[in-house]
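Biologist: I'd like to learn how to read the packing in a model like this one. Can you walk me through it?

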Amino acid sequence: MTDVILAKAKQGRELSRGELVALLSITDAAELQALYDCAYFLKEQYVGKIAYFRGIIECSNLCIKDCYYCGIRKSNTNVERFQMDEDEIFKEAVWAYEAEYGSCVIQSGERRDEEYIAMIERVVGRIKEATKGRLGITLSLGEQTEETYRRWRAVGAHRYLLRIETTNPELYAKIHPKDHSLEERKECLASLRRTGYQVGTGVMMGLPGQTMEDLANDILFLKEIDIDMVGMGPYIPHSGTPMGKEIPPYTDEQKRVALQLGLKMIAVTRIVLKDINIAAATALQALEYTGREQGLRCGANVIMPNVTETEYRPNYTLYDNKPCTDENSSMCRGCLSGRIEGIGETVGFNEWGDSPHFHKRTKTVSD
Ligand code: SAH
Ligand code: SF4
């Protein structure tokens with residue numbers, strides 16, 4: 001049954017919502033392999049067998065939000081809060097540049113105060129200048145006003161990641177407090193597009209109550225808003241959160257199922273969106289050591305190695321069992337490059353690695 005759908009997908013033909021649900025529902029080992037092979041075939045055709053690195057700097061765990069799933073939500077009093085200063089962020093970005101990563105991502109909990117906005121503005125400007133614009137700069141700093149997005153864009157940030165988390169309004173309302181709004185998130189994604197960023201979004205999969213129909217709708221949403229990059233990953237409970245308290249730590253079987261769902265989502269997203277960048281989330285590795293490489297084999301083409309100072313890493317725990325929190329950045333570089341070459345891909349060192357989709361989209365706009 002699914003072989004007919006995959007044959008259609010290989011020819012680049014559009015799939016219906018029902019066909020996406022059928023692919024996401026596969027559990028048979030042979031059918032799964034066929035799904036992953038199809039996604040890999042399309043990946044090779046549209047974006048090649050190059051994995052791009054984005055060195056991620058987790059620069060602060062202060063957050064004004066209270067998402068029920070996240071370990072650094074503001075109400076979690078068991079977190080030692082930290083905030084890197086401008087020089088520390090700068091130093092880590094330069095480290096990523098010298099390690100030939102091509103791009104960095106600056107991520108943190110959400111803060112909207114002027115002191116923070118201005119600090120980010122200064123440090124982005126400094127990184128841009130010191131690397132002569134050669135280091136790509138992605139931000140992942142939550143919901144902000146269009147004016148803030150514009151200020152950061154003006155000094156050199158050119159990509160932004162803001163996950164929609166889930167497009168099902170009822171599910172969104174269940175996993176967030178009342179004052180966190182799905183509509184505002186969508187508005188932010190629209191602002192980011194208007195201000196000229198390459199926009200990345202994505203969801204968490206495996207949320208309690210989430211269905212395959214929800215996930216198929218999520219993929220169709222990514223298509224509808226014509227996204228350039230996708231960053232999505234499995235939901236993993238954090239024991240210090242309202243959602244995590246209700247879910248005991250995953251058993252090995254639950255980890256296997258969660259990883260499989262993560263890989264299926266990557267594969268189906270590649271099949272539907274073809275020429276975009278898709279990140280193999282670090283959360284995949286929390287479920288199995290080779291989770292990120294498996295993500296590349298199923299259609300992802302971006303990996304985000306951690307370049308945060310080792311001392312801060314344990315305090316940026318969004319979910320339990322986050323990997324590599326006791327390693328330093330050089331260890332991550334060596335370890336990851338070796339593992340990527342081990343699956344027959346090359347690392348796109350020193351390249352921004354924009355998605356072909358972004359270039360096509362902007363070319364069409366300026367033609
Ligand atoms: N504050 C910013 C960026 C940091 S959070 C923001 O929210 O956009 C980055 C991502 O971590 C979130 O989008 C969410 O999808 C993910 N995340 C948070 N808690 C998680 C959990 N328990 N399991 C898996 N992913 C989680
Ligand atoms: Fe804050 Fe982001 Fe965690 Fe929500 S997901 S609590 S916004 S860091």
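Modeller: Sure, start with Leu139: leaving out residues up to four places away in sequence, Leu139 touches, among others, Ile106, Trp152, Tyr160 and Tyr197, where contact means heavy atoms within 4.5 Å. This is a predicted model, where local features need pLDDT of at least 70, side-chain atom pairs count only at pLDDT 80 or more, and totals for chains, interfaces and linings use all residues. Residues are numbered from 1 along each chain as its sequence is written, chains are lettered from A and ligands numbered from 1 in the order written, and side-chain values use heavy atoms, without hydrogens and water.

Biologist: Which residues touch the most other members of the largest nonpolar core?

Modeller: In soluble globular proteins, nonpolar side chains tend to be buried together. A nonpolar core here is a set of buried Ala, Val, Leu, Ile, Met, Phe, Trp, Tyr and Cys residues joined through side-chain atoms within 4.5 Å; buried means under 20% relative accessible area, exposed over 50%, partly exposed in between (1.4 Å probe, protein chains only). Of the 106 residues in the largest core, Ile106, Leu139 and Ile271 touch the most other members. Helix α11 (residues 252-273) gives the most to this core, with eleven residues; helices are DSSP runs of H or I, at least four residues, numbered from the N terminus.

Biologist: How many disulfides does a search of the whole structure find?

Modeller: A disulfide is a covalent bond between the sulfur atoms of two cysteines, taken here as a sulfur pair within 2.5 Å. The search finds zero. For Cys59, the closest cysteine sulfur, in Cys104, is 10 Å away, too far for a bond.

Methods:
Helix = DSSP H or I, 4+ residues; strand = E, 2+ residues; numbered from the N terminus.
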